[in-house]
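Colleague: Thanks for making time for this. Could you take me through the model and tell me what stands behind each label?

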Amino acid sequence: MNAKPAFRRSLLEAGSIVLIGLGLGLAYNTFSSRGIDLVRKERQLVWSSDTTRTNTPENPSRATLINIDEAYKIFREGNAIFVDARHEEEFKEGHIKGAISLPLKKLEGNPDLVQGISKDKLIVTYCSGVECELSIDIGEKLASMGFTNVKIFFSGWLDWQKRNLPAETGSKENL
């Protein structure tokens, strides 16, 4: 009979320790510069065809989404840099003709990689397709670095490949 109150007390103490640990962990996470987001921030992506959007100091330049038709039109015009955000191995297996490989981690590790590119140069980022967010991540990163003309080719490599548009294999050493 004496074991039941002792068990309850032990359970209560264990629960208290867990709650205190959880509270301390959440507090640390909230105030630490290395904390993680507990709730994913909602992305607000805009299609480039949305003509109501304007860039102002209150609404700085952001990367905008484009579809396959617009991406191919830009490709044919030849005045843009196409940035493949996938892993370098995937890039080597096949990519949009003339594209460069620039995974986000590589850019974050060495921001000088894009130092020689004019901030107003048209840049089109892409990755595998609509299930892949790497093109969005790198597009937003480039926009945050001051690039003012960044487009995100939303349907990406899979759509490009499916339509049999100009592609190549191998690696590219320079930007």
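Modeller: Gladly! This is a predicted model. To begin with its surface, the protein chain exposes about 11700 Å², and carbon and sulfur atoms supply 54% of that area.

Colleague: What pattern of helices and strands does the protein chain follow?

Modeller: Along the sequence the pattern reads α-β-α-β-α-β-β-α-β-α-β-α-β, with six helices and seven strands in the chain. Buried residues account for 32% of the 175 residues. Of the contacts with a separation of 6 or more, 66% are between residues 24 or more positions apart.

Colleague: What makes C127 and C132 a disulfide?

Modeller: The S to S distance is 2.4 Å, and the cut-off is within 2.5 Å, so the pair qualifies as a disulfide. The structure holds one disulfide, and both C127 and C132 are buried.

Colleague: Why is the disulfide of C127 and C132 called left-handed or right-handed?

Modeller: The torsion about the S-S bond of C127 and C132 is about -135°, so the disulfide is left-handed.

Colleague: Let's turn to R86. Why is R86 called buried?

Modeller: R86 has a relative accessible area of 4%. Buried means under 20%, so R86 counts as buried. R86 lies in the loop between β2 (80-84) and α3 (88-93).

Colleague: What is R86 in contact with, leaving aside its neighbours within four places in sequence?

Modeller: The contacts of R86, with those neighbours left out, include F91, H95, Y126, W157 and C127. C127 is also one of the two cysteines of the disulfide.

Colleague: How do you know that the side chains of R86 and D84 make a polar contact?

Modeller: Their distance is 2.7 Å, and the limit for a pair of N or O atoms is within 3.5 Å, so the distance satisfies the cut-off. In addition, a polar atom of the R86 side chain lies 2.6 Å from the backbone oxygen of G94.

Colleague: Now for the rings. How many aromatic pairs are there, and what makes the pair of F75 and W160 edge-to-face?

Modeller: There are six aromatic pairs in the structure. For F75 and W160, the ring centres are 5.3 Å apart and the planes stand at 75°. Pairing needs centres within 6.5 Å, and edge-to-face needs an angle over 60 degrees, so this pair is edge-to-face. F75 lies in helix α2 (residues 68-77) and W160 in helix α6 (residues 156-162), so the pair ties together parts that are 85 residues apart in sequence.

Colleague: How do you know whether F75 and W160 are buried or exposed?

Modeller: The cut-off for buried is under 20%. F75 has 18% relative accessibility, so F75 counts as buried, and W160 has 0%, so W160 counts as buried too.

Colleague: What makes the pair of F82 and W160 tilted?

Modeller: The angle between the planes of F82 and W160 is 55°, with 6.2 Å from centre to centre. Stacked requires under 30 degrees and edge-to-face over 60, so the pair falls into the remaining class, tilted. F82 in strand β2 and W160 in helix α6 are 78 residues apart, and both F82 and W160 are buried. Ring pairs link Y72, F75, F82, F153 and W160 into a cluster.

Colleague: One last ring: where does the charged end of K119 sit?

Modeller: The charged end of K119 sits over the ring of F147, 4.4 Å from the centre of that ring. The distance limit is within 6 Å, so the value satisfies that part of the definition.

Conventions
Residues are numbered from 1 along each chain as its sequence is written. This is a predicted model: local features need pLDDT of at least 70, side-chain atom pairs count only at pLDDT 80 or more; totals for chains, interfaces and linings use all residues. Side-chain values use heavy atoms; hydrogens and water are left out. Buried means under 20% relative accessible area, exposed over 50%, partly exposed in between (1.4 Å probe, protein chains only). Helices (H or I, at least four residues) and strands (E, at least two) are DSSP runs, numbered from the N terminus. A polar contact is a pair of N or O atoms within 3.5 Å; within protein, one must be able to donate a hydrogen and the other to accept it, and residues adjacent in sequence count only if both atoms are side-chain atoms. Contact means heavy atoms within 4.5 Å. Accessible areas come from the Shrake-Rupley method with a 1.4 Å probe; for residues, only the protein chains shown count as cover. A charge sits over a ring if NZ of Lys or CZ of Arg is within 6 Å of the ring centre and within 35 degrees of the ring normal.
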